[in-house]
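Hi,

Here is the structure I promised to pass on to you. Have a look at it first, and then read my notes below.

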Amino acid sequence: MGRFVARRLLGTILVLFAVSVLTFLIFNVVPNSDPAQRMAGKNATPQLIESINEEWGFNDSLPQQYVTMMKKIFSGEMISYEGREPVDDRIVEGIPATFSLCIGAAVIWMFFGILFGYLSAVKAGGWLDTTLTVVAVAGISMPVFWLAAILLNYLAYKTGIFPSQGYVELTENPLEWAYHLVLPWITLAVLYLGFYSRVLRSTMLDVMNEDYVRTARAKGLSERRVMGKHVMRNSLIPIITLFGLDFGALLGGAILIEAIFNLNGIGQYAEESLANFDLPPIMAITLFGAFFVVLFNSLVDIAYAYLDPRIRLGTSAQ
Amino acid sequence: MSEPLLSVDGLRVGFVTEGGRVQAVDGVSFELAPGEVLAIVGESGSGKSVTAQTLIGLTRSPNSRIEGSVRLRGEELIDAGDEELREVRGEQIGMVFQDPMTSFNPVYRIGVQIAEAIRAHRPQTRKAAGRERAIELLDSVGIPNAAQRVDDYPHEFSGGMRQRAMIAMALALEPDLLIADEPTTALDVTVQAQILALLARLNRERNLATILITHDLGVVAEVADRVLVMYAGRVVERGTLDEIFYDPQHPYTWGLLGSLTRMDRERPERLPQISGAPPSLRSLPEGCSFRPRCPHEFGRCSELPDLEARLADAPSHLDRCWLRPEEKRERRLVEGEIGLESPAR
Amino acid sequence: MAVEPIADSGPADSGPWRLALRRLRRNRVALGFLGLFVAIVVFVLAAPLWADHVAHTGPNATHTLEKVTVDGEKREVVNPEGKPIGPQWFGADGKFFLGADSRLGRDEMVRLMYGGRTSLIVGVVSALITTILATILGLLAGYYRGWIDPVISRSMDVLWAFPVFLLSIALGIALAVGGLEVLGVHISGGSLWIPILIIGVVMVPYMARPLRGEVLALREKDFVEAAVAQGAGSARIMFGEILPNLWSTVIVFFTLNVANNMLLEAGLSYLGVGVQPPNSSWGTMIATGNNLITSDPLLTIIPGTMILLTVLALNVFGDGLRDALDPKSKVRFEAHAGVAATGAAGTAGLEELGR
């Protein structure tokens, strides 16, 4: 098991390295315009452009440029050209909002997703199943920013039931914190909920047809035990691994939702930077997000190995 | 027999499928005495597995239509409630399935799964006691090093050992009847013999009545007392082991016997087989369902024969063939041995 | 159900495709949604007809200072406060059927139809690109042992690590400015090809991975071994033996991918980094409508509903297709809306056993 973990860790580092190189290429090499010009953004003066060229070493060789960029990001010295503030600080500031959004939504979507999926599978073919499936598929078929706009319009602007924007620190006022997050949570959860309920449903249906479920019944286990100990235990494995991947990806910032609800999280910072063509934050955020994706990818692999003894121990005897 | 352990009468099982209704089992009847070994033989699709699984209600579903009677010591199981059925399973009737790899849950240890079978009926069993019992059981079926292996996962066992573990689990609560659905089909030939020997031993030592489902007559010869031959959902012949092997009455049985490769005979030029294929259960032929593959068919075969005793001196030897006994004795010999030729076309 | 009913041994000439067709025909729900999708396609194809004969205007033609006759009365297309006229339905003989879109006074209905074309084109073409690339890469990675698989798989992993939405936005911005130079061909920043290529490429890892998994499984099958024994070369085995068995999965993936890509395009366009003016799509229309959501919610609701209906139809039909082609399919590519909408790297629903 130790070697497995070590290998994955090494792979992780390599992938992150590749991601950083790719980011570098995208922003500095691929497009057909002057990188310094683009970095200086809208307020470009010739002096600014020249100082950028100096500072970022655009006159240097490519590998040297890459090293310079990496150094800046990791030393926390990266300054954005629009806001004139340290990028890394802004990112850290945005973490509570982003994480609050993600964790809250995750709790909601997992709870309902698993519940709906379970009900659909157990009553497969019936009216409940059909209804839940329609709801689920509709959920994954809608543009989330559209749902957000509609919820905002009817539940916030028009009726004032929920606040339309802003993020309140949990430590400041837990009630307000939750109150401001309800609509974003719902919007984000609706999507994933649909997806997870369908995955669980289909996994459960597959598992319920497995031989070992038949054996469990033949042993005289109660239906509750059969469902709980055999069907669910095995059905939840793919769900948990998928969740790990999705959640990891989400931690990099839910751009659209944060922007629409003005939560000032990392995603919103990304959106602002993009709108302003402000490249340093984008680079940092990309790496930040990629880090979590890769981290959770590895966690999921490890969890999967733990959950499925066949993977953990390797198929030995025969 | 005095008081049959299991009494099956007119069992019929149909399934509603996409393409229409399929009658997988059409009128199966037999009795099983305590300690007796009954073999149910047939090709895939003959209905033998469905019969076995229906005995403990595993085929109950919205798509299935089950009729007839299955009585365990006089208690009717067909319409038994879920709770009643649950108590019978494992405690009174144990069942072993074909593929031991997929029949165990891959994420739980073997010992845990065995203990689970025990706890289903003895909820007060403590964890340590359950584990001890599991070790005993594994040992009793011949698994070496049971105390260590009890904590292994299914995939760490070899095929033969897994099947032994399955058998141990099925017998954990000492039921009087064991149903073994193709227990050796997924195993190597050498291992097959071991498993059969195990089943024979268990039958002797514990007076364990056994229903053995198989497509392999060689397996039958080893352990069975009585034999049921099934074809396309119906029983086509029923009798004692000797009756079936030495005085078979149905052409299908002749075909099965003829296709056995035997060490005590000349090696044939080509492996003998029964020509043709079993019919689709959706569209059974009129009358005798074996007719299209039978070289001895004649006019009367368009009428479905009843399952009857047609031999004066063997009242428990039943078959479904219109041929007269003398004709049967003659026609079943192909080049001096029991077998079945291809129908002339 | 613990016991499998006897398998459908239908008439001798039912190949797997015909069986699938039969199963599909029995699935009324899936067919219904296919019909919905077809209806939507017809709707957007009718754009020029509507524009020329009913609305008498194009999708980008502005009518800010004009007036339109409604039931004999002349009404301003855009009132002095900048509020566009609401849906007229047939009150103005079909002009401004759904009203005007903004202070630019463009006909919303005409824009809806033309925008739909754009959305569908981007969705379908990008899905074609994704599918073709993913199939080839999946085949190569799954079939060849040695160095090809790790190289391809690691590359996919790297792409996968990027938050997809972020990557798409980044590429969208980067390429919108200067365009793209590839193989000597210059594609301008405002071309529809930019979002098509971005979306097409970005989604490749999500399809390539499950396909690779399936190729890995197929590679072990007996018929491949038989082909090798007969001396068939790698290319022949990959394209002649494995690929034919992959088709059903590929078709289903393609359908679901179109749905997914349409959502991704909508998100990008909403942010302004997808489809660029003068082109418009349902996504850009939502962005425009969003500014007026309190006063004219329909301008936002309608294009969004169109996306919803189209994606829904494709998802349901795709599911039905999968059930028809392989009811026991364990390999999944779930068009994950999370990718498009939240700016997170959503995952393809992988249910490969023992990955």
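**What I found**

Let's start with a pair of strands in chain B: strand β10 (residues 234–240) and strand β12 (residues 318–319) are joined by two bridges and run antiparallel. Within that pairing, Glu237(B) sits opposite Asp319(B) of β12(B). Before you go further, please keep in mind that this is a predicted model.

**The sheet in chain B**

Those two strands belong to something bigger, an open sheet of eight strands in chain B. Going across, the order is β6-β7-β8-β3-β9-β10-β12-β11, and the pairing is mixed. Which strands are at the edges? They are β6 (93–96) and β11 (308–309) of chain B, each of which pairs on one side only. There is also a helix lying against this sheet: α11 (residues 251–258) of chain B packs on it and touches β3, β9 and β10 of chain B. The direction of α11 makes about 105° with that of β9(B).

If you want one strand to look at in detail, I'd pick β3 (residues 37–41) of chain B. How many of its five residues are buried? Five of the five are, so the strand counts as mostly covered. Both of its faces are covered, with Val37(B), Ala39(B) and Val41(B) on one side and Leu38(B) and Ile40(B) on the other.

Now look at the neighbours of β3(B):

- With strand β8 (residues 209–214) of chain B, β3(B) shares five bridges, and the two run parallel. Ala39(B) has Leu212(B) as its bridge partner there.
- With strand β9 (residues 226–231) of chain B, β3(B) shares four bridges, again in a parallel arrangement. On that side, the bridge partner of Ala39(B) is Val227(B).

As general background, strands of a sheet pair through backbone hydrogen bonds, either parallel or antiparallel.

**Chain B as a whole**

Stepping back, chain B contains twelve helices and 14 strands. Its C-alpha atoms fill a box of roughly 65 × 45 × 45 Å along the principal axes. Why call the chain compact? For 345 residues, a compact globule would have a radius of gyration near 20 Å, and chain B has 21 Å, which agrees. Of its 345 residues, 47% count as buried. Among the contacts in chain B with a separation of 6 or more, 64% are between residues 24 or more positions apart.

**Chain A, and where B touches it**

What does the secondary structure of chain A come to? It has 14 helices and zero strands. Buried residues account for 46% of the 318 residues in chain A. For contacts in chain A with a separation of 6 or more, 70% are between residues 24 or more positions apart.

Chains A and B also meet: 25 residues of chain B are in contact with 22 residues of chain A. On the chain B side, α2 (82–88), α3 (100–103) and α4 (110–121) each supply at least two residues. The one that gives the most is α4(B), with four residues. By type, the chain B side divides into eleven nonpolar, seven polar and seven charged residues.

**The core**

The largest nonpolar core has 268 residues. Those with the most contacts inside it are Leu101(A), Ala148(A), Ala39(B), Ile114(B) and Ala168(B). You've met Ala39(B) already, as one of the buried residues of β3(B). The largest share of the core, 18 residues, comes from helix α10 (residues 234–271) of chain C. As for Ile114(B), it touches Ala134(B), Leu137(B), Ala168(B), Met169(B) and Ala172(B), leaving out residues up to four places away in sequence. In soluble globular proteins, nonpolar side chains tend to be buried together.

**Two spots in chain C**

Helix α7 (residues 193–202) of chain C is mostly covered, with seven of its ten residues buried. The buried ones are Ile194(C), Pro195(C), Ile196(C), Ile198(C), Ile199(C), Gly200(C) and Val202(C).

The other spot is Ile301(C), which is found in helix α12 (residues 298–325) of chain C. Is Ile301(C) buried or partly exposed? It is partly exposed, because 18 other C-beta atoms lie within 10 Å, and a buried residue needs 20 or more. Its C-alpha atom is separated by 10.0 Å from that of Met285(C), and the two residues are 16 apart along the chain.

Happy exploring!

How values were computed: Residues numbered from 1 in each chain as written. Chains lettered and ligands numbered in written order. Predicted model: local features only at pLDDT ≥ 70, side-chain atom pairs only at ≥ 80, totals over all residues. Core = buried A, V, L, I, M, F, W, Y, C linked by C-beta atoms within 7 Å. Buried ≥ 20, exposed ≤ 12 C-beta atoms within 10 Å, placed from the backbone. Contact = placed C-beta atoms within 7 Å. Nonpolar A, V, L, I, M, F, W, Y, C, P; charged D, E, K, R; others polar. Rg over C-alpha atoms; globule rule 2.2 N^0.38 Å. Pairing = 2+ DSSP bridges. Axes fitted to C-alpha atoms, helices over the stretch in contact; angles between N-to-C directions.
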